[in-house]
Amino acid sequence: MIQIQNVTKSYNGEKVLKGIDLTFSDKEFVSIMGASGSGKSTLLSIIGGFLRPDDGNVLWEGQNPFDFTDDALAGKRRSYMGFVFQSFKLISTLTAKDNIMLPVTLSKKINNETLEYFDFLTTELEIKPFLNKYPGQLSGGQCQRVAIARALCYKPSVVILDEPTGALDSVMEVKVMELLKRVNKEQKTTIIQVTHSEKVSCYGDRIIRLKDGLIVK
Amino acid sequence: MKLFFKHLKNSIKRKPIQPLILILTLALAMVVITACINVGIFINGETDERQVVEYGTADFTVSLNATSKSRFMFSDKAEEILENKAKVVGLYDLPVYFSQTNQTAFGVAVDFYDVEQVFEFEFIEHLPITSSSVNESALVSLDFAEKYNLGLGDSFTVNVLGYDKTYTIKAISKIPFMGSYELMVNVTGVMRLLASDSLLVSSLGDSFKPSNTLYVNVLEDGFVNDCITALKNDADFSDKTFQNVANIMEQDGEIGPMNTIVYVLIALSLMLSVAVVFCCFYIISNERTGENALFKALGATASKMNLLQYAEIGLYWLIGAPIGLALSIPFSKLIYRVVGFRYFTAKFSPLSFVISSALTLVISVFTAFVFIISERRPKKLKKQISLYKYTLPAFLLTFILTITLPVKARFILCCISEILLFITIFTGVPVIFKWITSVIDKILCKRQIKNNGTKVASFGYAVKNVKQVRVLQNSCRLLSVILVVIFTILTAVNSADIVINNYKSWLNADFAIPNSTASCREKIEKLDSVENVYSILMTSGTINDMSIKMLSISDVNALSDTCDLDRTPTGNELFVPLAICDRQNLKIGDIVYIQIGESQYEFKVSKLRKDNINVVIFNSEYFGLEYDTLLADGVENIEKELLRNQLLSAIALEMTTIVDCKELFNRLFVVGSLYINSGWFILPMMILFAVIGMVDNVVISYRARREEFELYSLSGMSKKTVRRMIFFELLLTATFGLVLSLVSSLFAILLLDNGMRTFGYRMLLAFGIA
C-alpha cells in the first residue's frame, strides 16, 4: 500500500501541489488525469520517491522512502517499484536488452523464470527484433516499449507510469494497456499511471483528477 | 549573432567548471612550451657567454704540447711577429696551495696591464691596484673568497712554485676567471720569487713574463689564418698547438645536435599540449553536439556555428594566455636557478612568450577546426575515425625505412615517423579500445548466460560503458599519448645522463697531467702515493669534414670497464664507437683517412666499440705522435686531496698543472650537462601538466555523465555499485592506455635512437628504468 499524506510542493514560490491525500491499495490500477500543469508528473515523482515534498509524507508499506539509506532505496527500486518516465530515460550506452535486464541483473535474479518472463514481455511488446540496438537507434515508440519492459521485467509490487502510451499508435496502445491490465490482475501489481487519454484511463479501477494542485472530488 | 553569443555565455555560466578547466589547460600548455623554448635560449646564451668568459675576444689560442721544445712562450714576442696586427695575452697556469690547511686553489698568472686587451672582467667589489701593490695583489673568485672565508682587502699566504707568498685581495669576481681559475695574480710577482734561485730569471728581470697558453685577438677581420701561419713560421711557435676558438666551441659544445634536442623537446611538448587541450575540448564539444544540431535544425548557418566554436575557444585562449604568461616567468626563473647556468644572466626574451602564445593559439584553433569538420560532414567524420588505417601502414613503412636506410637520412624520416605514430595513436586508440572491450563484453555475456548471471555486473557494465562512451575512449587516447611522450623523454634524458656519467668514469685514474714531459713522469713515478702512471694522447681529428675526438693510450688499464676495450690498438688499427660508425658508415676492415693537425693518416677500422664514448682509439706511437698527458692513479684508499698536493709538489717547476680526471671531461660536456639538467627539470613539469590534464579530463567527462549515473541509480544500482563501476571503467582505461603506450614508446624510442644517429649519438635503451 502507498500512502500520500498532506503533500505539498512548490516551484519558485508557486504551489504545484496543495495538500494532497491519497492511498493506493495493493493490486489497485489507478489513473491520474488532469490538465497540463495540474501537478500530475510532480505527484508521480513524489510517489516514486524521486522528488521530496515540501510538506507531508509518502509511505511505502508504512515506510518513508526519503528516510531510506541509498543502498536501501536502490534495493527498493529494483524489487518493489518500477517506473516508466515520460522521456523514457533509457541508458544510451546499453542495448535495449541490457536496459530491460538491468534491474534484474543488479538484483542477481537472472534465472530461467526471469528469462522466460523477459521473453514473454518482449514478445508482447513486439520489441524482440531490436533488442540488440541502442536507444539512439530506436524510435520513440520503441524506446517507450523498452522502458515499459524494463519496469515490468522484475515483477515489482508497484509500477508507476508517466504517459505510458504517449508515443504509441492506437494498436500498440491497446496492446500495452492490455498487458498492464493483465499484470495487474495476474501478478497483483499496483499500477499508477498518469495519462491525458480518457480511453487509456478507463483501463484503471479508479480515476483521480487533479486540478490546480488539488484533487477534484 | 547576439543570440548565439548569449547562448555561449549562458552555456558557460551553466557549467563553468568545464571552461575553467580548459583555460587552466591552455595556460599550463603555454608554461610547458615556454619552458622548453627558454631552455634553448638560455643554453645558447650560456654557450655564447661561456665563449666570452673562457676565450674573451681571442680568435685563436696557442698552447704547449708534448713535442714543444721550450716550456713557455712570450706574448710580446708573438705580437712582434704579428706586427701588432693582433693583441696577445699570455696565461701561466699557477696552482697554489695553503700549507696549513693542505688545500689547493687553481690560479693563473697574467700581465695585469695587458690582460684586458682580450678579456673583460666584472667584479662584485674591488679596490684600486697601484704599481707598487700590483705584485702583491690577487683577484679572486667569489667561490674562492667564500671557501677560504676571505673578504676584500684580506691577506693570505700560499705556496707558489715552492715559495711562500702573501697576497692581498683587491677584487672579487662573481665567476671564475677564464671559466676555471679561482685566482689571478700578476706574473711578474711570481717570477720575482724565482729570481733568487734562477740566474735566467734574475737576468731578464721584470720582462720575463712566461706563458703556457697565448690568447690571440686578431685586430683585422679575415686575417686569422694569416696570423696563425705567421706564428707557425717562427721557430719559437712552430712546435706549439694552434686552435681556432670557433672550432673549440663547436667540438666542445656540439651545438648543432644539441639544438636539435631542444627542437625535439619543443615538438614533444607541443604534442602533449595538443593531446591535452584537444581531449578536454572534445568532452565540452561533445555535450553541445545536440544543441548545435538543434540550432542548425532551426536555421542557423554552418558559418555562424563555426564562428561560435572559434569564438569560444578563442575566448578561453584570451583568458588562459595571460595566466600562462604570468606562470611562465616564475617557472622559467626556476629552470634558470635549478639547471645551474654559470655565465648567462636570465633575460626573458619576449620572443619566447610570443612564440608560445602563438603556438597555444594554433593548438586551440586546430582543436576547434577538427570539431567543425567532424560536425559538418559526417562522411569526413568516418574518414577521420579511420585515419589510423592510413597512418598506421605509413608509420610502419617509415619506421622500417628509418632503421634500415643510411644514417644521414634517418633524422628526417624519424621526425615523419614520430608524427605518423602520434596521429595513429590519436585516431586509432579509441577504435582499438572499443574493439577490445567489445570482445570482453561478448565473453562476459556468454559467461553470464552460462552461470545464470549470479554475479553483480559492475565490471560488466563498466565494459559496456567503455565500449560505448566516447569520452572514456577519449581519456584512453589522452593517457596513451601522455605516457608515450613521458616515456620517450625520460628514456632520452636518462640515456644521456648515463652516457655522461660513463664519460666521467672512463679514465681509470685520479688525475691527469696535461702537457707533461718525461721529466714529469719520472717525478710522479717516484711518489709512493701513486700506484700506476699511464701515458695518453688526447687530440682531435677530422674525418670526412666531421670533427672527432681521438685517444691513444699506453696501457689498456688506463680505461675503466665502461669502455668496450680488451687491448690497445696495434699498428694503424682504429677502434671506433658504434655512433661514429653509424655517422660515417664504417665497418670492420674499412680504410679511413683522418686529418690530425697538418697531416693526414691512414687507419684501418678494426673494432666497433659498443660503449657510448664518442672517442676513437688509436696507436699514436705507430705514427710517431708522442703522448702528451699523464694519468696518475693513486694507491687504494688514499685521500684525493693528499694525492693532489703530492703531485703538485712533484711537478712544481714543470710549468704544467694537474686536473681531476672527472673534471677533464666535465668541460667537454658543460653544454650537454645543461641540456640534461634542463631535461630532468622539464620532465617533472611535463608530468605535472599531464597529470593535471588527465585529472581535468576525467573530472569533465564524469561530470558530463552525471545523468547517466543517476539513471543507473534510478534503475536500482546502489551508489557503491556505481562507484565500483566507475572504478572498473578507469581501471580498464588505465590498463589499456598503459599497455598500448608501452608498446608505442618502444617504437618511439627506437625511432629517436635511430634518428639521433644522424648526429653521431646512440641512445642507451634504459627502458627498464623508464
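This passage describes the contact between chain A and chain B, helix 3 of chain A, and the domains and one strand residue of chain B, in a predicted model.

In the predicted model, the interface brings 23 residues of chain A into contact with 25 residues of chain B, and the two chains bury about 2,100 Å² between them, with 61% of that area on carbon and sulfur atoms. Of the area that chain A buries against chain B, 24% is supplied by T93(A), L106(A) and I110(A), which is more than any other three residues supply.

With regard to polar interactions, the count between chain A and chain B is one salt bridge, in which the side chains of D98(A) and K464(B) meet at 3.3 Å, taken from N to O. Five residue pairs, with both members at pLDDT 80 or more, are in polar contact between chain A and chain B. On the side of chain A that touches chain B, the elements that give two or more residues are helix 2 (70-77) and helix 3 (96-106) of chain A, and helix 3 gives the most, with six residues. The residues on this side of chain A divide into 12 that are nonpolar, three that are polar and eight that are charged.

Helix 3 of chain A is mostly covered, with 10 of its 11 residues buried. The buried residues of helix 3 include D98(A), whose side chain meets that of K464(B) in the salt bridge, and L106(A), which is also one of the three residues that together supply 24% of the area chain A buries against chain B. Also buried in this helix are, among others, I100(A), M101(A), L102(A), P103(A) and V104(A). Helix 3 of chain A is followed by K108(A), which has a positive phi, near 60 degrees.

For chain B, the domain assignment gives domain 1 (2-48 + 254-500 + 671-759), domain 2 (70-238) and domain 3 (516-655). The centres of domain 1 and domain 2 of chain B, taken over C-alpha atoms, are separated by 57 Å.

Within chain B, T213(B) lies in strand 11, which covers residues 213-218. T213(B) has a relative accessible area of 17% and is therefore buried, the cut-off being under 20%. When residues up to four places away in sequence are not counted, T213(B) touches T61(B), V62(B), S63(B), M73(B), V89(B), G90(B) and L91(B). Between T213(B) and F112(B) there is a separation of 101 residues in sequence and of 16 Å in space, C-alpha to C-alpha.

Conventions
Residues numbered from 1 in each chain as written. Chains lettered and ligands numbered in written order. Predicted model: local features only at pLDDT ≥ 70, side-chain atom pairs only at ≥ 80, totals over all residues. Heavy atoms only, no water. Contact = heavy atoms within 4.5 Å. Buried area = accessible area lost by both parts, 1.4 Å probe. Salt bridge = Lys/Arg side-chain N within 4 Å of Asp/Glu carboxyl O. Polar contact = N/O pair within 3.5 Å; in protein donor to acceptor, adjacent residues only side chain to side chain. Helix = DSSP H or I, 4+ residues; strand = E, 2+ residues; numbered from the N terminus. Nonpolar A, V, L, I, M, F, W, Y, C, P; charged D, E, K, R; others polar. Domains from an automatic or database assignment. Buried < 20%, exposed > 50% of the residue type's maximum accessible area, 1.4 Å probe, protein only.
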